[in-house]
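Please walk through this model sheet by sheet, then helix by helix, and end with a few single residues. The text below follows that path.

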Amino acid sequence: MAKLDGKRVAILATDGFEQVELTRPMQAVKDEGAEVHIVSLESGQIQGFNHADKADTFSVDKTIDDVSADDYNGLILPGGVHNPDALRTNDQAVKFVREFFAQHKPVAAICHGPWVLVEADVVRDRKLTSFPSIKTDIKNAGGNWVDEEVVVDQGLVTSRDPDDLDAFCKKVIEEIREGKHDRQTV
């Protein structure tokens with residue numbers, strides 16, 4: 001029996017995500033038995049990037065209008081620059097993220113992904129990391145930013161960039177397997 005058998009994981013992304021920050025965690029949780037849905041703002045395809053270069057497109061499984069945190073055991077937020085910037089301006093996406101915290105469910109964000117957490121107002125008094133260029137945003141939102149490979153704070157997993165993916169994926173699996181965290185809240 002795999003560690004995440006019977007678990008459902010949402011990956012919230014839109015055009016402009018850093019491809020490896022979606023594909024590596026997605027494969028890691030799938031390899032442990034989880035069912036994974038790519039959730040996006042619209043149906044169809046979303047465009048991945050390898051830094052500034054277009055990479056592959058991925059099919060959207062569900063739109064943000066058709067899902068709820070009730071449907072999932074965990075949430076993954078890949079980075080890239082455009083992706084989280086677009087997500088944080090979408091009220092439904094921000095609400096979806098806040099629902100996971102309200103339900104005490106694990107959330108994982110890498111690179112620029114924590115921008116969405118800032119907009120959802122869920123970083124106050126939390127220890128987390130990110131791509132260094134958004135540390136001021138996190139600090140201004142009340143978060144305790146640190147420069148570490150991976151940080152776990154009551155079910156919230158964060159990492160800085162693709163170089164941290166091995167540690168990030170390991171902690172994502174661990175936190176989703178553990179399930180709800182009573183202190184993981186808005």
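In this predicted model, strand E2 and strand E4 (residues 45–50) run parallel and are joined by two bridges. One pair of partners across them is Glu 18 and Phe 49, the latter in E4. These two strands belong to an open sheet of three strands, ordered E2-E4-E5, in which the pairing is mixed. Strand E2 (17–18) and strand E5 (53–59) form the edges, and each of them pairs on one side only.

A second open sheet has seven strands in the order E6-E3-E1-E7-E8-E12-E11, again with mixed pairing. Its edges are E6 and E11; each has a single partner strand, so one side of each has no neighbour in the sheet. Helix H3 (residues 91–102) packs on this sheet and touches E1, E7, E8 and E12, and its direction makes about 135 degrees with that of E7. Helix H1 lies across E1, E3, strand E7 (74–77) and E8, and runs at about 150 degrees to E3.

The sheet can be followed from the E6 edge. Strand E6 (residues 62–63) runs parallel to E3, with two bridges between them. Within this pairing, Lys 62 in E6 stands opposite Val 39. On to the next pair: strand E1 (residues 8–12) is also parallel to E3, over five bridges. Here Ile 11 has Ile 38 of E3 opposite. How many of the six residues of strand E3 are buried? Five of the six residues of E3 (residues 35–40) are buried, so the strand is largely enclosed by the rest of the structure.

Towards the other edge, strand E8 (residues 107–110) is joined to E12 by four bridges, and the two run parallel. Ala 109 has Thr 158 of E12 as its bridge partner. E12 pairs in turn with strand E11 (residues 150–153), this time in the antiparallel sense and over four bridges. In that pairing, Val 150 has Ser 159 of E12 as its bridge partner. E11 and E12 make a hairpin with two residues between them, and Gln 154 in the turn has a positive phi of about 50 degrees.

Which residues of strand E12 lie on one side, and which on the other? In a regular strand, side chains alternate between the two faces of the sheet. In E12 (residues 156–159), Leu 156 and Thr 158 are on one side, while Val 157 and Ser 159 are on the other. All four are buried, and both faces of the strand are covered. Thr 158 and Ser 159, the bridge partners of Ala 109 and Val 150, are thus on opposite sides of E12.

Next come the helices. A packed pair of helices is described by the angle between the axes and the distance between them. For helix H1 (residues 19–31) and helix H6 (residues 165–178), the angle is about 45 degrees and the axes are 10 Å apart. H1 and H6 are therefore oblique to each other, and their crossing is right-handed. On the H1 side the contact is made by Val 20, Glu 21, Arg 24, Pro 25, Ala 28 and Val 29. H6 contributes Leu 165, Asp 166, Phe 168, Cys 169, Val 172, Ile 173 and Ile 176. Sorted by class, this contact of H1 with H6 has 10 nonpolar residues, three charged residues and no polar ones.

The segment after H6 contains Gly 179. Is Gly 179 buried or exposed? Its relative accessible area is 13%, under the 20% limit, so Gly 179 is buried. Leaving aside residues up to four places away in sequence, Gly 179 touches His 104 and Pro 106. Gly 179 and Gly 155 are 24 residues apart in sequence, and their C-alpha atoms are 8.2 Å apart in space.

Two loop residues remain. Cys 111 is not a glycine, yet has a positive phi of about 65 degrees. Cys 111 sits in the loop between E8 and helix H4 (114–119), and is buried, with a relative accessible area of 8%. Asp 125, in the loop between H4 and strand E9 (127–128), also has a positive phi, near 65 degrees. Asp 125 is exposed, however, with a relative accessible area of 70%.

How values were computed:
Residues are numbered from 1 along each chain as its sequence is written. This is a predicted model: local features need pLDDT of at least 70, side-chain atom pairs count only at pLDDT 80 or more; totals for chains, interfaces and linings use all residues. Side-chain values use heavy atoms; hydrogens and water are left out. Two strands pair if DSSP finds at least two bridges between them. Buried means under 20% relative accessible area, exposed over 50%, partly exposed in between (1.4 Å probe, protein chains only). Axes are lines fitted to C-alpha atoms, for helices over the stretch in contact, and angles run from 0 to 180 degrees between N-to-C directions. Angles under 35 degrees count as roughly parallel, over 145 as roughly antiparallel, 65 to 115 as roughly perpendicular and the rest as oblique. A crossing is left-handed if the near helix is turned anticlockwise from the far one by less than a right angle, and right-handed if clockwise. Contact means heavy atoms within 4.5 Å. Ala, Val, Leu, Ile, Met, Phe, Trp, Tyr, Cys and Pro count as nonpolar, Asp, Glu, Lys and Arg as charged, and the others, Gly among them, as polar.
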